[in-house]
Amino acid sequence: MNDDLRDADKPREACGVAGVWGPEDLHAAVVRELLVALQHRGQESAGIAVGTGDALVARHGAGTVAQALPDLDGLPAGPVAVGHVRYATHGTRDALAGAQPVVLDRPPLAVAHNGTLVDPHTAPGADALAPDEWFTDSELLARLLLDARTAGGLDTVAALHAVLPGLKGAYALVLSDGRNLYGVRDPHGFRPLAVGRRGDTWLLASETAAITAVGGEVVRELEPGEVLSIGAHGTSSSRLEVPDAKTAACLFEYVYFARADSQLAGRSVYQARYRAGQALADHAPVEGSPRPVVVATPETARVAADGYAERAGLTVVQGLLRPGQGGRSFIAADQAARHHAVRRKLSPVPAAVAGRRVVLVDDSLVRGTTMRAVARMLRDAGALEVHLRIASPPYRWSCFYGIDTGRPEELLAARLSMTELAEQLDCDSVAFLSLDRLLEAAGGDRSGYCTACLTGRYPTATPAAAFPAAPGAEPSTALASQATAE
């Protein structure tokens, strides 16, 4: 989905990570395939590092995988390779300045990081590093691991156990020391990571769908706090010692981030989204006549829209199409430019919506920039009414664990009532799925999800300066003052 609408209306995920270990071969080609399957998780840069035993050789580039790594020239054969696709959420928006994997030498180390560390400058050992030694939290993490290996004389697994328990925040890691492959999930399990096999080759990837996309078989997902080591020794697993760490898997992986053909904690993302759409139809039907048609905001809302239509007994129509690559509207200079950018990426179909009442189904709403343009396009195409239905709760809180959402005052639902939202978005009505119904749709232990962006209840301490505190500020300030660490 190189051209999908990862823009101002959506939370933007940090990145995707991948790794391969097996008999000596050009594993860079397999990693590249994995990264293509994870392209939806980051489109600003991509990189691959290949381990040859005593050294690591890396290539990075800006843009999508096809743009950044059009070929694999210069990458050698070797037993291990690590890859990364990136969307910048910490440190810099410069595509190459923060490109990963982070590669260090003496001794060699490649680190691909999905997630964000909270207050990384306060991490144990960070004050001993020179200011120019790290710029992003991922570079800091890599430097701390390298120092533990050199100054402490530790092997890679021991270094991971020495450094990671002192870090706060989210990290799904794929690493290599040139010979072995390592996968790690933080003790909260914020971001996903799975292991699979293709013959005698081992695979690591952010999503199970990437493993199956390259012809691999999913073995399992890593547990929160697990350190998995893969190499000539076979495989071994250990756990990070972090007392009282509560599992807090990101609920929005089910809503939006993950591919619909992925599984998370053994549960189908597709089924979760379909059930959410069904629950949304029960929770927020659109009554009256003539009976409306259902239109999905492409592409990630299509499954929820199908569920909504099935439960409500309505027809799904292709009222919005994606004619081709249109760039990203959230980087446009002003509102008018963003509106035109949306029109380049989405095209209404008058024959599908003219003279009809429309139920417009989307998976989430953050800033509302795109949605205003979409509702107006449907009206211009002849829709009599536009009723917006969101298959998740109102997004009201900033995320500190690898999702770029902005500050609370930038989040539309944090400062407007439902009536005000409808007016702002040029819709006849707006309704969101409740948190209880979304948790039911996702399945599993409800207490094992991070819902901070929806509730303001954070599973870790948050940065002290994260929320506005000025007296008399807009409603988002009042909401932010209630944020808690569980």
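These legends go with a set of close-up views of a predicted model.

**View 1. The whole chain, for orientation.** Before zooming in, here's the lay of the land: the protein carries 15 helices and 28 strands. Of its 486 residues, 60% are buried. Take the contacts between residues at least 6 apart in sequence, and 70% of them join residues at least 24 apart. About 17600 Å² is exposed, with carbon and sulfur atoms supplying 50% of that area.

**View 2. Helix 7 from end to end.** This one runs over residues 269-283, so to speak, 15 residues in a row. From its first C-alpha to its last, helix 7 reaches 21 Å, close to the 21 Å expected at 1.5 Å a residue. Quite a few of its residues are tucked away: Val269, Ala272, Arg273, Ala276, Gly277, Gln278, Ala279, Leu280 and Ala281 are buried. When reading that list, keep in mind that residues three or four places apart in an α-helix point the same way, because there are 3.6 residues a turn.

**View 3. The cap on helix 7.** Zoom in on the N-terminal end of helix 7 and you'll find serine 268 capping it. A side-chain oxygen of serine 268 sits 3.2 Å from the backbone nitrogen of tyrosine 270.

**View 4. Two cis peptide bonds on either side of strand 18.** Start in the loop between helix 7 and strand 18 (293-296), where proline 290 lies. The bond leading into proline 290 from serine 289 is cis, with omega near 0°. Now hop to the loop between strand 18 and helix 8 (302-312), home of glutamate 299. Here the peptide bond from proline 298 to glutamate 299 is cis too, and its omega is near -5°. Worth a second look, since most peptide bonds are trans.

**View 5. Alanine 265 and its positive phi.** Alanine 265 sits in the loop between strand 16 (263-264) and strand 17 (267-268). Its phi is near 55°, a positive value in a residue that isn't glycine. For context, most residues other than glycine have a negative phi. Alanine 265 is exposed, with a relative accessible area of 53%.

**View 6. Aspartate 426, another positive phi.** This close-up shows the loop between helix 12 (418-425) and strand 25 (429-432), where aspartate 426 is found. Although not a glycine, aspartate 426 has a positive phi of about 60°. Is aspartate 426 buried or partly exposed? With a relative accessible area of 24%, aspartate 426 counts as partly exposed, given that the buried label stops at under 20%.

Note on methods:
Residues numbered from 1 in each chain as written. Predicted model: local features only at pLDDT ≥ 70, side-chain atom pairs only at ≥ 80, totals over all residues. Heavy atoms only, no water. Helix = DSSP H or I, 4+ residues; strand = E, 2+ residues; numbered from the N terminus. Buried < 20%, exposed > 50% of the residue type's maximum accessible area, 1.4 Å probe, protein only. Contact = heavy atoms within 4.5 Å. Areas by Shrake-Rupley, 256 points an atom, 1.4 Å probe, with all protein chains shown as cover. Expected span 1.5 Å × (residues − 1). Polar contact = N/O pair within 3.5 Å; in protein donor to acceptor, adjacent residues only side chain to side chain.
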